[in-house]
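Reader: Please give me a close look at a single part of this model. Keep it brisk, and show me how that part sits among the rest.

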Amino acid sequence: MARVMVSACLMGQPVRYDGRSKSGAALALARLQAEHELVPFCPEVAAGLPTPRPAAEIQGGLGDDVLIGKARIVGDDQVDVTEAFVAGAQQALAQCQAMGIRYAVLTEASPSCGSQRIYDGTFQGQTRSGQGVTTALLSQAGIQVFNPQQIDYLLSVLVA
Ligand code: SF4
């Protein structure tokens with residue numbers, strides 16, 4: 001049995017920027033939960049951001065760039081929330097390290113949790129390839145991050 005960090009919003013917690021949860025992965029997560037321990041975590045809430053909160057996007061780069069100060073994260077109210085998002089990523093990593101977690105399933109397209117795609121910073125509903133800041137930090141530490149569509153693949157990885 002492995003421990004797997006899962007975006008709290010995927011597990012039904014109403015922690016998204018709009019005060020809602022993220023649906024669509026319940027069946028796959030149930031398959032994962034039948035064999036492994038799931039650890040729900042929301043980096044943005046852990047960092048002390050309120051719910052609901054302004055939608056935020058990465059501007060000027062990707063999650064990796066945010067971590068080295070070359071890109072920033074701003075809300076649709078134009079407030080810079082980079083510091084809080086980086087703090088949330090660091091708390092996610094600390095939780096993984098404290099619990100021996102080496103795998104995560106995180107919500108796609110979020111500026112924190114996106115692993116394949118993130119919104120492009122224009123607030124026009126457009127995405128581009130790239131990772132959010134939490135995914136980038138976890139990946140740098142060797143933690144494998146999957147999106148909800150990859151849960152069956154993760155199950156095969158954990159069996160191998
Ligand atoms: Fe979900 Fe991640 Fe956004 Fe929290 S930061 S609401 S866990 S996508």
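Author: Start with burial: a residue is buried if 20 or more other C-beta atoms, placed from the backbone, lie within 10 Å of its own, exposed if 12 or fewer, and partly exposed in between. By that rule A109 counts as partly exposed, because it has 17 C-beta neighbours inside 10 Å. The part to look at closely is helix α5, residues 133-140.

Two ground rules come before the details. The model is predicted, so local features need pLDDT of at least 70 and side-chain atom pairs count only at pLDDT 80 or more, while totals for chains, interfaces and linings use all residues. Numbering starts from 1 along each chain as its sequence is written. Confidence can be stated briefly. The mean pLDDT (the predictor's confidence in each residue, from 0 to 100) is 97 for the chain, and 100% of its residues reach 70 or more. The scores for the model are ipTM 0.99 and pTM 0.97.

Next, the setting. There are six helices and eight strands in the chain. Both are DSSP runs numbered from the N terminus: H or I over at least four residues for a helix, E over at least two for a strand. Along the sequence they follow the order β-α-β-α-β-α-β-α-β-β-β-α-β-α. The C-alpha trace spans about 45 × 30 × 25 Å along its principal axes. The radius of gyration, taken over C-alpha atoms, is compared with a globule rule of 2.2 Å times the number of residues to the power 0.38. For 160 residues a compact globule would come near 15 Å, and the chain has 15 Å, which agrees. Of the 160 residues, 41% count as buried.

Now α5 itself. The helix is mostly covered, with six of its eight residues buried. Those buried residues are V133, T134, T135, A136, L137 and L138. What covers them? Among the covering elements are α2, α3 (63-67), β4, α4, β5 and β8 (144-146). After the helix comes G142, with a positive phi near 90°.

Take T135 as one residue within α5. T135 counts as buried because it has 32 C-beta neighbours inside 10 Å. Contact here means two C-beta atoms, placed from the backbone, within 7 Å. Setting aside residues up to four places away in sequence, T135 touches G63, L106, C113, G114, S115 and V145. S115 is 20 residues from T135 along the chain, yet their C-alpha atoms are separated by 6.0 Å. Across the chain, 62% of the contacts with a separation of 6 or more are between residues 24 or more positions apart.

V133 leads from α5 to the core. A nonpolar core is a set of buried Ala, Val, Leu, Ile, Met, Phe, Trp, Tyr and Cys residues joined through C-beta atoms within 7 Å. The largest one has 44 residues, and those with the most contacts inside it are V4, M5, I73, F85, A104, V105 and V133. Helix α4 (residues 82-99) gives the most to this core, with six residues. F85 in turn touches V133, along with E44, A47, I73, P111 and S112, not counting residues up to four places away in sequence.

C113, a contact of T135, leads to the ligand. A residue is near the ligand if its C-beta atom, placed from the backbone, lies within 6 Å of it. The residues around the ligand are S7, A8, C9, V15, R16, C42, P43, E44, T107, S110, S112 and C113. E44 and S112 from this list are also contacts of F85. Sorted by type, the shell holds six nonpolar, four polar and two charged residues. Here Ala, Val, Leu, Ile, Met, Phe, Trp, Tyr, Cys and Pro count as nonpolar, Asp, Glu, Lys and Arg as charged, and the others, Gly among them, as polar.

Back to A109. This residue lies in the loop between β5 (103-105) and β6 (117-119). Its phi is near 80°, a positive value in a residue other than glycine. Most residues other than glycine have a negative phi, and most peptide bonds are trans. Q78 also has a positive phi, about 70°, although it is not a glycine. Q78 sits in the loop between β4 (72-75) and α4. Q78 counts as exposed, because it has 8 C-beta neighbours inside 10 Å. A cis peptide bond, with omega about -5°, joins T51 and P52.
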